[in-house]
Amino acid sequence: MARQDNAIDVRNAVKRYGSFTALKEVSLSIKDNEFFTLLGPSGCGKTTLLRMIAGFEDVSHGSIHLYGQEIENLPPNQRPVNTVFQSYALFPHLNVLDNVAFGVEMKGASQSEARSKARQMLELVQLSDFSARKPSQLSGGQQQRVALARALAPQPKVLLLDEPLSALDLKLRKAMQLELKHLQRETGITFIFVTHDQEEALTMSDRIAVMSAGELQQLGTPREIYESPRNVFVADFIGETNLLTVVVKEIRDGNAICQLDGGHELHCNEVAGIGVGSSVHLSLRPERVFISDKPRESKSLQGKVSENIFIGTDITTIVNLTDGPTFTVRTSNSDRGSKGIFEPGSDVYVNMEPGAARLLID
Amino acid sequence: MAAGAPGGGSTVANTYEKARTWLLLPSWLVLLGLSLIPVIMMLVYSFLTKEFRGGVIWEFSLAAYDQFFFDRGLFGDEPPSIEWTYITIFWRSFWQAGTATLLSLAIGFPTAYFIATRPAGSRAIWVFLITIPYWVNLLIRTVSMKFLLRDQGPLNQVLMSLGLIDSPLHMVNTNFAVQLGLFYSYLPFMVLPIYAAVERYDFSLSEAAADLYASRWVTLRRVLLPAVKPGIIAGCILVFVPSLGSFLAPDLLGGAKNYMIGSLIEEQFKGNAGNWPFGAAASMILLTIVLIILLLFARQQTRHERKEA
Ligand SMILES: Nc1ncnc2c1ncn2[C@@H]1O[C@H](COP(=O)(O)OP(=O)(O)OP(=O)(O)O)[C@@H](O)[C@H]1O
Ligand SMILES: [Mg+2]
């Protein structure tokens with residue numbers, strides 16, 4: 001039986017379009033009152049999964065439970081789930097108030113009850129002054145908030161949001177990210193949020209499911225996903241990283257000693273399934289590496305600075321290891337005094353914190 | 001192409017303005033030449049005196065309108081009373097055209113919806129299939145329909161052999177036959193505008209409605225229909241107006257009992273029995289009524305929209 005405290009349980013869900021499989025046996029559980037994000041590149045099946053939960057696509061195989069109740073055979077209008085559509089899909093012939101009141105009225109409230117509920121929702125999204133306008137008379141950000149109010153007004157058990165912020169400019173998007181997060185806290189409704197923007201996912205989510213090519217790659221808190229990516233895809237997709245090909249030379253006391261091109265050696269934690277002699281990938285976040293003009297320890301890697309790039313809060317330094325791969329190192333601007341900046345052409349050593357480098361399965 | 005635009009405009013905008021005026025000229029000429037002038041001619045003719053062998057005498061007269069509305073006895077010397085003959089014909093025509101329009105809507109809307117929801121590639125084929133019967137001349141189609149509906153015709157034979165009826169249904173020379181004929185003549189004019197509207201409809205709105213707990217029926221009524229309303233109105237006008245003035249279907253399928261305006265007007269211009277001013281007057285009255293209906297409708301529409309805002 002499904003655990004009652006899970007808002008959504010997706011089990012072995014498969015979606016086929018003809019011979020093409022858009023989702024391959026995806027299983028995941030979304031907890032009650034959680035801000036859950038589906039993250040992945042374009043075409044990986046995020047929208048497909050969301051539409052299956054909403055009821056717009058049928059499930060080829062597998063099951064979906066909502067608070068323990070099997071729902072994959074219910075039509076969309078009988079699922080206590082509401083959607084904020086990517087294109088908003090506001091009813092063009094109804095004004096803002098009646099758009100927001102629509103779902104409440106359909107659930108059986110009288111028109112006046114529905115409207116008073118809609119007024120409350122519009123207040124919540126700070127659009128009370130716009131209730132008489134038609135959707136076409138609103139800006140993109142305002143339409144987005146109307147869509148949000150409309151989906152929240154009938155008090156769904158789960159709210160689905162398909163890239164609701166993608167049409168907004170950067171500044172508005174940041175503001176809306178915070179607003180959404182607050183709304184989720186205030187209403188206590190489970191949010192399932194779809195995005196292909198990893199930064200957005202890291203900022204907003206309680207947990208993230210990273211997807212690629214119809215498969216679930218990793219599920220975890222933003223911190224887990226960022227700091228302990230499970231495979232090459234996740235390490236590469238989330239944040240910036242140095243992705244290096246290495247050969248495992250030796251495994252000793254849970255430590256794997258890996259060799260890079262040019263004979264450089266690196267120490268990292270052992271990972272189950274990766275044995276001596278295997279050629280694998282290794283991820284090293286640029287902010288967990290620092291450079292110095294003298295070797296700090298025997299493990300420091302020798303190289304030459306090729307470029308410094310100023311990116312606002314940070315400075316990115318590109319280092320070519322002697323006869324080896326290129327390394328990206330990030331220094332926070334506030335640390336440049338203590339850590340120092342090396343001009344292009346300087347001979348330097350690359351050092352890292354213990355445990356910074358992670359071996360990855362492919 | 002824009003050769004009609006004379007050079008020398010001080011600004012680009014100015015040049016465009018001029019070009020637009022010139023390029024619009026052909027359509028203005030067509031509108032003027034093919035609709036305004038004929039209407040004016042008709043108006044003038046309706047106030048002239050009739051010539052007994054067809055044609056007119058250029059002498060002002062109200063006789064045509066008088067004949068339409070008033071009955072002055074066989075010799076024209078009795079006190080006037082209201083003439084019901086033509087008013088009845090008008091009333092019947094509106095009734096027939098209205099029924100045919102509703103019938104077209106009832107069949108045309110689902111058809112248009114069906115076509116618009118096919119995969120994009122096959123829609124053109126469906127539209128093409130709808131229009132195929134209309135490559136055959138209207139007269140031939142109407143005569144064929146009469147043949148189908150006859151007492152001994154194929155339709156009755158099929159119904160009888162199926163045991164649904166014992167004796168043939170009399171369908172020719174009934175209101176029903178006329179309505180069926182009109183419906184069949186003008187169906188594409190209903191389907192095509194509605195198809196265009198449904199094709200432009202954003203189906204994510206229907207999904208949004210279903211997501212917000214609306215049943216399919218409520219979604220149709222409260223979301224789809226309001227969105228495609230302009231197409232439905234256009235279709236209704238395109239079927240209603242020509243049905244009203246049509247004379248082939250009423251003549252061939254309706255017989256004398258089901259005489260409509262179109263036939264009345266047509267007769268006035270045919271052969272020696274005709275009365276041109278009377279035909280023109282009847283046309284003017286028809287035109288006026290249709291215009292009034294459309295104007296009232298448009299006004300009610302804008303008032304409704306203003307109330308919403
Ligand atoms: N109706 C359909 N018929 C056939 N293939 C489809 C259909 N809908 C989606 N697909 C395919 O399924 C895959 C997943 O699509 P989906 O829309 O879920 O991607 P997504 O992750 O939401 O991408 P994006 O970030 O671009 O929105 C894609 O390869 C897409 O081409
Ligand atoms: Mg998508």
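Modeller: A salt bridge is counted where a side-chain nitrogen of Lys or Arg lies within 4 Å of a carboxyl oxygen of Asp or Glu, and I apply that rule here to a predicted model.

Colleague: What makes A:Lys304 and A:Asp347 a salt bridge?

Modeller: The N to O distance between their side chains is 3.3 Å, and because the cut-off is 4 Å, the pair qualifies. The two residues come from distant parts of the chain, with A:Lys304 in strand S16 (residues 301-311) and A:Asp347 in strand S19 (residues 347-352) of chain A, 43 residues apart.

Colleague: Why is A:Lys304 called partly exposed?

Modeller: Its relative accessible area is 41%, and since buried means under 20% and exposed means over 50%, a value in between is called partly exposed.

Colleague: How do you know that A:Arg330 and A:Glu240 meet in a salt bridge?

Modeller: Their side chains are 2.3 Å apart, N to O, which is within 4 Å, so the rule is met. This pair also links distant parts of the chain, for A:Arg330 sits in strand S18 (residues 326-332) and A:Glu240 in the loop between helix H8 (232-237) and strand S11 (242-252) of chain A, 90 residues apart. A:Glu240, with a relative accessible area of 40%, is partly exposed.

Colleague: What makes A:Glu250 and A:Arg252 count as partly exposed?

Modeller: A:Glu250 has 34% relative accessibility and A:Arg252 has a relative accessible area of 45%, and because the class runs between 20% and 50%, both values fall in it. Their side chains meet in a salt bridge at 2.9 Å, N to O.

Colleague: Why is the pair of B:Glu207 and A:Arg51 called a salt bridge?

Modeller: The distance is 2.7 Å, N to O, and that is within the 4 Å limit, so the name applies. Across the interface of chain B and chain A the rule finds 2 salt bridges, while the whole structure has 22 over all chains. B:Glu207 and A:Arg51 also belong to a network of salt bridges with A:Lys15, A:Glu57 and A:Asp58.

Colleague: What makes up the contact between chain B and chain A?

Modeller: Chain B gives 16 residues and chain A gives 27 residues, and the area buried between them is about 2,000 Å², of which carbon and sulfur atoms give 59%. B:Asp211, B:Leu212 and B:Tyr213 supply 40% of the area that chain B buries against chain A, more than any other three residues.

Technical notes: Residues are numbered from 1 along each chain as its sequence is written. Chains are lettered from A and ligands numbered from 1 in the order in which they are written. This is a predicted model: local features need pLDDT of at least 70, side-chain atom pairs count only at pLDDT 80 or more; totals for chains, interfaces and linings use all residues. Side-chain values use heavy atoms; hydrogens and water are left out. Contact means heavy atoms within 4.5 Å. Buried area is the accessible area (1.4 Å probe) that two parts lose on being put together, summed over both. Helices (H or I, at least four residues) and strands (E, at least two) are DSSP runs, numbered from the N terminus. Buried means under 20% relative accessible area, exposed over 50%, partly exposed in between (1.4 Å probe, protein chains only).
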